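Work through these exercises with the model open beside you. Try each task before reading its solution.

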Amino acid sequence: LNVDVNPDTVFESGSIGKTFTAVVILQLMEEGKLSLDDPLSKHFEQAPPMWSGITLRHMLSHTTGLKDYALVPGLGLADRWTRDEWIEGMIKLPLDFPTGSAFAYSNSNYLLLGLVAEKVGGKPIMELTKERIIDKIGLKRSFMAEPLPIIPHRASGYLKQGGVLFNGLDIAAGYGDGSLINSPEDLATFEKAVREGKLLKPETVTLMQTAGKLPTGRKTTYGLGWFIRETNKVRLISHGGNTGGFGASLFRVPSANLTIVLMTNMFDVPGDAVAQRIAELYV
């Protein structure tokens, strides 16, 4: 539409919302309302017997073996379903691998964590996120990706096919795997608040930002709500996000005291990869 981006522009942040959900779950842990070693079935009564070995820690670290619903016909990101329909479909699916034996990123883990937070916290995950994070640290340009009043400076999302731009697909709203709209500055404020212990205790932040370890001893590239990687012995902490019309990254290089927030209204931009290139140039 030839509308310039400015610092007040807001974009869908996609899976960066998983980091927000992880913070809420860990806040509830600090308050003694749940344990990371609780079985999912303790907080989600519809869990089938094959999910009996799944704990909240497995879900936070993407080691459950649950299929990624985004890739399941009829339950995908472009499909329309109710919560009951989603549950009915998911509980019938076999695990991709024995719980705890491997790492595989799955949106299903964080959608279910949102339902756990709702059960334990007594409110939908989006309300908990607003109260416990957005309002607490004063994020002024962060919203839920639900039917909303007009938001000034809200970017439209796009996808490109055959060199032609099309309007991006709407995302399902209200779940813990990524349903937020943010300004870049708000995401930078969020990362700083996590790092400085304004949302969680320092030891909990360390736990979040420590890569998981499989029974083989091999490390995964994910902690609890953050990707944890090393490039040329430089430690990187990040989370990317993509929706049907947007790509984003929240990217931290601790050794350089550098945080990069990248937000774009094109669905196929690999946010973390672009942010890393910017970081390499800067460093």
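The model is predicted.

**Exercise 1. Describe the lining of the largest pocket by class.**

Solution.
- Start with the lining classes: 10 residues are nonpolar, 10 are polar and 2 are charged.
- In total, 22 residues line this pocket.
- Now look towards the centre of the pocket. Ser15, Leu77, Asn107, Asn242 and Thr243 lie nearest to it.
- Next, find the main contributor. Strand β7, residues 234-242, gives the most to the lining, with 3 residues.
- Finish with the volume, which is about 440 Å³.

**Exercise 2. Check the length of helix α9, then find where its buried residues lie.**

Solution.
- Helix α9 runs over residues 271-282, which makes 12 residues.
- Allow 1.5 Å a residue, and the expected span is 16 Å.
- The end C-alpha atoms of α9 are 17 Å apart, so the model agrees with the expectation.
- Next, list the buried residues of α9: Gly271, Asp272, Ala275 and Ala279.
- Look down the axis of α9. The buried residues fall within an arc of 85°, so they line one face of the helix.
- A general rule helps here: an α-helix has 3.6 residues a turn, so residues three or four places apart point the same way.
- Turn to the other side of α9, where Arg277 and Leu281 are exposed.
- Last, ask what covers the buried residues of α9. The cover includes β6 (227-231), β7, β8 (247-253) and β9 (258-264).

**Exercise 3. Repeat the analysis for helix α7.**

Solution.
- Helix α7 covers residues 184-195 and has 12 residues.
- From first C-alpha to last, α7 reaches 17 Å. That is close to the 16 Å expected at 1.5 Å a residue.
- The buried residues of α7 are Asp186, Leu187, Phe190, Glu191, Ala193 and Val194.
- These residues cover an arc of only 160° around the axis, which puts them on the same side of α7.
- Step past the end of the helix. Just after α7, Gly197 takes a positive phi of about 75°.

**Exercise 4. Is Thr55 buried or exposed?**

Solution.
- First locate Thr55. It lies in the loop between α2 (40-43) and α3 (56-60).
- Take its relative accessibility, which is 14%.
- Compare that with the cut-off: buried means under 20%.
- Thr55 therefore counts as buried.
- Now find its contacts, leaving out residues up to four places away in sequence. Thr55 touches Leu36, Asp37, Asp38, Pro39 and Leu40.

Methods
Residues are numbered from 1 along each chain as its sequence is written. This is a predicted model: local features need pLDDT of at least 70, side-chain atom pairs count only at pLDDT 80 or more; totals for chains, interfaces and linings use all residues. Side-chain values use heavy atoms; hydrogens and water are left out. On a 1 Å grid over the protein atoms alone, a cavity is a set of points where a 1.4 Å probe fits but cannot get out, and a pocket is an open set with protein on both sides within 12 Å along at least five of seven lines; lining residues have an atom within 4 Å of a point. Grid points are joined across faces, edges and corners, and a volume is the space filled by probe spheres set on the points. Helices (H or I, at least four residues) and strands (E, at least two) are DSSP runs, numbered from the N terminus. Ala, Val, Leu, Ile, Met, Phe, Trp, Tyr, Cys and Pro count as nonpolar, Asp, Glu, Lys and Arg as charged, and the others, Gly among them, as polar. The expected span of a helix is 1.5 Å times one less than its number of residues. Buried means under 20% relative accessible area, exposed over 50%, partly exposed in between (1.4 Å probe, protein chains only). The arc is that of the directions from the helix axis to the C-beta atoms. Contact means heavy atoms within 4.5 Å.
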